Amino acid sequence: MSTEESFETKITNAKAILEKLMDPALPMNESVKAYEEGMKELRVAEKMLQDAQLQIQIIKNQEQ
């Protein structure tokens with residue numbers, strides 16, 4: 001796993017984890033671990049999105 005994954009990779013990882021969570025045969029302890037991992041991926045993706053929005057706002061402000 002690279003130290004800096006892309007936003008798209010984070011979203012893809014979260015989707016894969018969601019698919020895993022939909023398996024009714026998944027034991028509870030694995031479900032909890034998968035949920036935690038998925039939420040971590042989504043938090044990182046959300047931070048990346050916020051950072052990109054901030055950069056766009058800064059660029060817009062510089063152009064004015």
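Visitor: Is glutamate 37 buried, partly exposed or exposed?
Guide: This is a predicted model. Glutamate 37 lies in helix 2. Its relative accessibility is 47%. Buried means under 20% and exposed means over 50%, so glutamate 37 counts as partly exposed.

Visitor: How far apart in space are glutamate 37 and isoleucine 17, C-alpha to C-alpha?
Guide: In sequence, glutamate 37 and isoleucine 17 are 20 residues apart. Both residues are listed where helix 1 meets helix 2. C-alpha to C-alpha, the distance between them is 7.8 Å.

Visitor: Is glutamate 36 buried or exposed?
Guide: Glutamate 36 is found in helix 2. Its relative accessible area is 55%. The cut-off for exposed is over 50%, so glutamate 36 is exposed.

Visitor: How far apart in space are glutamate 36 and isoleucine 59?
Guide: The two residues are 23 residues apart in sequence. Helix 2 covers residues 28-63. From C-alpha to C-alpha, glutamate 36 and isoleucine 59 are apart by 35 Å.

Visitor: Is glutamate 41 buried or exposed?
Guide: Glutamate 41 is found in helix 2. Its relative accessibility is 7%. Buried means under 20%, so glutamate 41 counts as buried.

Visitor: Which side chain makes a polar contact with the side chain of glutamate 41?
Guide: Beyond four places in sequence, glutamate 41 is in contact with Glu5, Lys10, Asn13, Ala14 and Ile17. A polar contact needs N or O atoms within 3.5 Å. One side-chain pair is at 3.4 Å. The partner of glutamate 41 is lysine 10.

Visitor: Is lysine 10 buried or exposed?
Guide: Lysine 10 is found in helix 1. Leaving aside neighbours within four places in sequence, it is in contact with Glu5, Glu41, Val44, Ala45 and Met48. Its relative accessibility is 9%. That is under the 20% cut-off, so lysine 10 counts as buried.

Visitor: How do helix 1 and helix 2 run, roughly parallel or roughly antiparallel?
Guide: Helix 1 spans residues 7-21. It packs on helix 2 at an angle of about 155 degrees, with the axes 9 Å apart. Angles over 145 degrees count as roughly antiparallel. Helix 1 and helix 2 are therefore roughly antiparallel.

Visitor: What is the handedness of the crossing of helix 1 and helix 2?
Guide: The helix 1 side of the contact includes Phe7, Ile11 and Leu21. The helix 2 side includes Tyr35, Leu42 and Leu49. The contact residues divide into 12 nonpolar, three polar and four charged. The crossing of helix 1 and helix 2 is left-handed.

Notes:
Residues numbered from 1 in each chain as written. Predicted model: local features only at pLDDT ≥ 70, side-chain atom pairs only at ≥ 80, totals over all residues. Heavy atoms only, no water. Helix = DSSP H or I, 4+ residues; strand = E, 2+ residues; numbered from the N terminus. Buried < 20%, exposed > 50% of the residue type's maximum accessible area, 1.4 Å probe, protein only. Polar contact = N/O pair within 3.5 Å; in protein donor to acceptor, adjacent residues only side chain to side chain. Contact = heavy atoms within 4.5 Å. Axes fitted to C-alpha atoms, helices over the stretch in contact; angles between N-to-C directions. Parallel < 35°, antiparallel > 145°, perpendicular 65-115°, else oblique. Left-handed = near helix turned anticlockwise from the far one by under 90°. Nonpolar A, V, L, I, M, F, W, Y, C, P; charged D, E, K, R; others polar.
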